[in-house]
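Welcome to a set of short exercises with worked solutions. Have the sequence and the 3D view open, and try each task before you read on.

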Amino acid sequence: MAQSLTLVLDVPETTGDQDLEPSPYEEREVHDSFHRLIQEQSLLAAQEGLELLPVGRTARAPDKRHPTLLEPGGVPAYSSATLRILASMPSRTIGRSRGAIISQYYNRTVRLRRRSSRPLLGNVVRSARPSLRLYDLELDSTALEEDEKRSLLVKELQGLSAAQRGHMLRGMPLSLAEKRWLREKSWGPSGKHKGHSGRGGTFCCSRLRYSCILALHSLGLALLSGLHAARPWRYTLKQISGQFGSSVLSYFLFLKTLLAFNALLLLPLLAFLAGVQAAFPPAPRGPAPAFSGLELLTGGGYFAHTVMYYGYYSNATLSQPCAAPQDSGHCSSRAGSLPYSMPLAYLLTVGAVFFTTCITLVYSMSHSFGESYRVGSTKGVHALTVFCSWDYKVTQKRASRVQQDNICTQLKELLSEWQLRKCPQSTCGRLRQVVVLGLVWLLCLGTTMGCAVAVLTFSEVMVQVWQGTRRDLVVPPPPSLGPKPSPAGQEVGLLALPLVVSVLNLGASYLFRGLAALERHESPVLEVYVAISRNLILKMVILGVLCYHWLGRHVAALPSRCWEDFVGQELYRFLVMDFLFALLDTLFGELVWRLISEKKLKRQRKPEFDIARNVLDLIYGQTLTWLGVLFSPLLPAVQILRLLLLFQVKKASLMANCQAPRRPWLALHMSTVFLTLLCFPAFLGAAVFLCYAIWQVKPSSTCGPFRTLDTMYMAGTVWVRRLESASAGASWLPWLYGYLVENTFFLFLVSALLLAVIYLNIQVVKGQRKVICLLKEQIRNEGEDKIFLINKLHSVYERKQRSRPDATQEAVTAPAQLARGGGDWQDSDGPCTRAQHA
């Protein structure tokens, strides 16, 4: 057993001003001296001859026939000298000298005292002095010295200010329990008495101020906790990750991301369009229909006379409230007021929100790519998951249970991925799978084309029905009111096209899922990617047909009507119908199927959560929202409400009706894939659709802010010309507008820059991954070099030990040879050797 180490307190007396805060240079000296203490303790431990032996193993004599230094179990068998050297390493000696730490910081607090000299211990009253009867004579003297130094440190801390005391406690390399004990003791009754006697009411004021700061800090933390608890995904995401794995969690994380995108999209539209138009409402020219409740499904009726749709917005220049509307449709602005052009505001706001969404989406995609393929990722490292995943700050039983389930699920995913690598498929199996995959893809593409033809045919029928209904109208509606409110039956008939599209989407997705069961993919990740590709092709083709239906057929079929309102209402109906079918699919596809399997089929297997179909439903709904922003500025608000309800419904159904995947898999790159699909097929398609509507399609002449223009894009040109004619000094503005806005080169340049940024980020991450692979290999080689050097040192040590018995034998036989007159030995060894042996 190691002998006790004596630690001497060196308390230098200082006479300078000690009220100042410690400087970084002084703190560096403290930590350097602490490092020297660690080294001294390590050297002492090495000199004591501390010998570490493996538990359950006995020392074995070195065997000359076996030069290897590995035991049968693969554990290196090092000698006592090697183990002594290893025991003196800094990584194994830190933490031995807690008394040295306390002693060092006691000396540090002495130098930071407010007074020039420390009060003598002899001045302490007799009742406060320690009694010998309290000590056990058989106790270790090291522990007693450590307690004495700790008490002295507490007394020195009581002499410091609150700021210096907090700074010193934070810098101590002690445990939280030790720091908490020191803080409590430093605020003890002795400190209060000392403060009252020395400084009067100063201590009370500082203590009151410190209590107020703590109370305000606690109140702020409580408010933040309340805001954190108000979020719907407070415990849900951790619970889902623990029970269902990262694959199902990726769906809810993507839904959360879409909520953020829609909030970013809605705020500028509310501030610059809907809010301004609600503050300066246009003059009504007819009675608005009463709210009947059917508008929640159809989107028409009462909603057509609100800021919900394009047709409600005026083409006036707003400034101050007008006494009477002018014939030209513009308010007479007062002197000094700033005019607000609604056509220009409408165009610039929609363009700005799309540009902001594009930048945010590209940044999120690149950031997610860096996170998914980040350098030094723990892919396949099971030891880090086992030993480094637990969060020791968790104290609640529920939270610890969730964290335990999360770690268990992560281990299952890692082990399943490792098992897939160990079990490759045969050549015949791969060939058979390729043939089946080709046939299934042909069937899926044929189904997609059939759905597209069905949607196109039904949309043509709906256009003909709409034209027939329009010819049957006897009295045409007023030009400023847009579409005339239809009867209830005709309003319900407008739901036919969204109903057909939703039925085709749901039926085709179930057909794709059934065909995927024939392929029998070995990798669950590949199965999900294939399902996402098929559903994505289906939805994009159907949306392309619908875009042609809205901008091609309806614009020609409704030349004197407000076709923008009709397109906005169609997109609203598609969003509502898609949400209703999501609820029906959750009810019948998950709840009813679970009840049937448990009651009728007597099976305890629950259905699995279909990640591909649900994620593509989210992308489909977000694409509809982006398509409708121009025609319905408040459509993002409907999407936010839809996503919140969908989050709650899917969460409840997942917990009650679904089970974890039978084959767990690690969703490392799912978020990146979802954002990529959201960016390129969805957002890019919606941007092309809106650019075509703004640059090429003629607006309605009966409604909206662009009713007097040939295209929506002309609003910017008209504003620039008006500004040039009003101010002679603004001649540079048309030039700037022509080169930056009207010239398509700038648009292509911005697009090229975005693509270049994406490409550079991808290349940088690839380069970092290569560098990290090389560094990992170098670290592995360094470890092998260390093992090699230790083995060499051990072999040298063994040779030295083997040479010692030979030298001892020579020393024993030398006197006998001398007695027999060994002159040859004398001549061979010389006088030095003879003197050494003597």
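Is Phe 609 buried or exposed? Phe 609 is buried, as its relative accessible area is 8%; here buried means under 20% relative accessible area, exposed over 50%, and partly exposed in between (1.4 Å probe, protein chains only).

Before going on, note that this is a predicted model, in which local features need pLDDT of at least 70 and side-chain atom pairs count only at pLDDT 80 or more, while totals for chains, interfaces and linings use all residues. Residues are numbered from 1 along each chain as its sequence is written, and side-chain values use heavy atoms, with hydrogens and water left out.

**Exercise 1. Get an overview of the chain and of the confidence in it.**

Step 1: Take the secondary structure. The protein chain has 27 helices and two strands; helices (H or I, at least four residues) and strands (E, at least two) are DSSP runs, numbered from the N terminus.

Step 2: Look at burial and contacts. Of the 838 residues in the protein chain, 37% are buried. Among contacts (heavy atoms within 4.5 Å) with a separation of 6 or more, 80% join residues 24 or more positions apart.

Step 3: Check the pLDDT, the predictor's confidence in each residue, from 0 to 100. The chain's average is 75, and 67% of the residues score at least 70. Among the elements, α21 has the highest mean pLDDT (94), and helix α27 (residues 823–837) the lowest (41). The pLDDT is below 50 over residues 1–28, a stretch with 50 contacts in the model beyond near neighbours in sequence. Residues 114–139 also have a pLDDT below 50, with 22 such contacts.

**Exercise 2. Find aromatic pairs and say what they connect.**

Step 1: Apply the rule. Rings of Phe, Tyr and Trp (its six-membered ring) pair if their centres lie within 6.5 Å; planes under 30 degrees apart count as stacked, over 60 as edge-to-face and the rest as tilted. Searching the whole structure gives 20 aromatic pairs.

Step 2: Go back to Phe 609. Phe 609 forms a stacked pair with Phe 252, at 6.2 Å centre to centre and 25 degrees between the planes. Phe 252 lies in helix α11 (residues 246–279), while Phe 609 is in the loop between α20 (563–599) and α21 (611–628), so the pair ties together parts 357 residues apart in sequence. Phe 252 is buried too, with a relative accessible area of 0%.

Step 3: Try another pair. Why do Tyr 346 and Phe 706 form an edge-to-face pair? Their ring centres are 5.9 Å apart and their planes lie at 85 degrees, so the pair falls in that class. Tyr 346 belongs to helix α13 (residues 342–372) and Phe 706 to the loop between α23 (670–695) and α24 (714–726), 360 residues apart. Both Tyr 346 and Phe 706 are buried.

Step 4: Extend the pair. Through ring pairs, Tyr 346 and Phe 706 join Tyr 310, Tyr 312 and Tyr 313 in a cluster.

**Exercise 3. Trace the salt bridges between helices and loops.**

Step 1: Recall the principle and the rule. Side chains of opposite charge can pair when their charged atoms come close. A salt bridge is a side-chain nitrogen of Lys or Arg within 4 Å of a carboxyl oxygen of Asp or Glu, and the count comes to eleven salt bridges.

Step 2: Start beside Phe 609 in the numbering. Asp 610 forms a salt bridge with Arg 513, with 3.7 Å between the closest N and O atoms. Asp 610 is buried at 14% relative accessible area, whereas Arg 513 is partly exposed at 38%. Arg 513 and Asp 610 are linked with Asp 585 and Arg 613 in a network of salt bridges.

Step 3: Connect α20 to α22. Asp 578 and Arg 642 meet in a salt bridge of 2.3 Å, N to O. Asp 578 is in helix α20 and Arg 642 in helix α22 (residues 635–657), 64 residues apart.

Step 4: Finish with Lys 539. Lys 539 forms a salt bridge with Asp 617, the closest N and O atoms being 3.3 Å apart. This pair links helix α19 (residues 524–557), which holds Lys 539, with helix α21, which holds Asp 617. Lys 539 counts as buried, at 4% relative accessibility. The charged end of Lys 539 also sits over the ring of Tyr 620, 4.9 Å from its centre; the rule is that NZ of Lys or CZ of Arg is within 6 Å of the ring centre and within 35 degrees of the ring normal.
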